[in-house]
Each structure stands twice: as structure tokens, then as C-alpha cells.
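Reader: I would like a close look at a single part of this model. Please keep it brisk and give the cut-offs.

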Amino acid sequence: MPNELAETLAEYEGQKGALIPILQKVQEKLGYLPQEAISEVAKFCRMSESEIFGVASFYAQFYLTRRGKHSVKVCLGTACPVRGGERILDHVEKELGIEPGQTTENYQFSLERVACFGACALAPVMVVNKNVHGRMTTAKAKDILAKHR
Ligand code: FES
């Protein structure tokens, strides 16, 4: 991994203060921010590992543990629960055998609960990777998950 990361970090030579973009780029490459990556970034930015860790754990966009290949997000904002969002989440939890914040043992799926995707007109909404699926039903959710197994 260090070589892989060296290339990524080299793009930020001269902008070592750009910690958030650096972490975003590293996460884009590795899928999450493992301890080794935090150490590399700390050396590169001449900061302590605990400072980098502090920043990474503050922002919800950063993951410190390995994620599943597919990200599944179920909306429980205001509109979605009214239209059955809870039922969708329950169903997805059962299908995958995990709760929000967890990843399946085979690292195929990670599940999250989100507060609103800004697509309330399509409620209830589920987003798999970057695809927004609206007017979700338990049957539709099951089909979508099956396609990603
Ligand atoms: S509440 Fe679900 S998209 Fe807005």
C-alpha cells in the first residue's frame, strides 16, 4: 500500500495543508482510511497521527474501518418514514443480516441510515452506491440487493 499511496500523496506536494481533500483522495483509492494510511498522511502533512485521526473521525464522510463493496443507504428523514421508510430499513437489515453502521462479513454491503437525500418526492428512498431508488417497496429493495450480491 505505501507505494500506491505515495503516488496519491505526491499530487498534493505543495498543498500539505489540504488535509480534507487529501483524506478524500486516499479514501477514494482505498475505500476507507486504514491505520497505515493515517500514518502515511500524518508523515506527509507533518502532523501527528492523533490529529489526523481526530479530523477523520469528526467527519461522517470518512470511514476508519473497511467498508463493503456496495454502500446501501436507507432514508429516514421526514418524508420517507411517513411513506414506509422504516419498513424498508427493517427489511434491508433482515436481508443483509446487519444493522446501520455495519458491514456484512463478506464485505459485500455496508448499510447506513441517512437523514434526507433531498429526493423527498420519491419517498421512500434507498440509495445503492450512487443510484437513487425511489418509491421503494420491500419487494423492490429485495430485487435491488439481489442484483448486487
Ligand atoms: S426524507 Fe427521504 S429523501 Fe427526503
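Author: What follows is a walk along one helix and then a look at one of its residues. This is a predicted model, in which local features need pLDDT of at least 70 and side-chain atom pairs count only at pLDDT 80 or more, while totals for chains, interfaces and linings use all residues. Residues are numbered from 1 along each chain as its sequence is written, and side-chain values use heavy atoms, with hydrogens and water left out.

The part is helix 6, residues 85-96. Helices (H or I, at least four residues) and strands (E, at least two) are DSSP runs, numbered from the N terminus. Check the length. Helix 6 has 12 residues and should span 16 Å at 1.5 Å a residue (1.5 Å times one less than the number of residues). Its end C-alpha atoms are 16 Å apart, which agrees.

Now the faces. Buried means under 20% relative accessible area, exposed over 50%, and partly exposed in between (1.4 Å probe, protein chains only). In helix 6, Gly-85, Ile-88, Leu-89, Val-92 and Leu-96 are buried. They lie on the same side of the helix, because their arc around the axis is only 95° (taken from the directions from the helix axis to the C-beta atoms). Arg-87 and Lys-94 are exposed on the other side. The cover over the buried residues includes strand 1 (70-75), helix 5 (79-82), strand 2 (109-114), strand 3 (126-128) and helix 7 (138-147).

Take Leu-96, in helix 6. Leu-96 counts as buried because its relative accessibility is 10%. Beyond neighbours within four places in sequence, Leu-96 is in contact (heavy atoms within 4.5 Å) with Val-72, Thr-104, Phe-109, Leu-145 and Arg-149. Leu-96 and Arg-149 are 53 residues apart in sequence, yet 10.0 Å apart in space, C-alpha to C-alpha. Just after helix 6, Gly-97 has a positive phi of about 75°.
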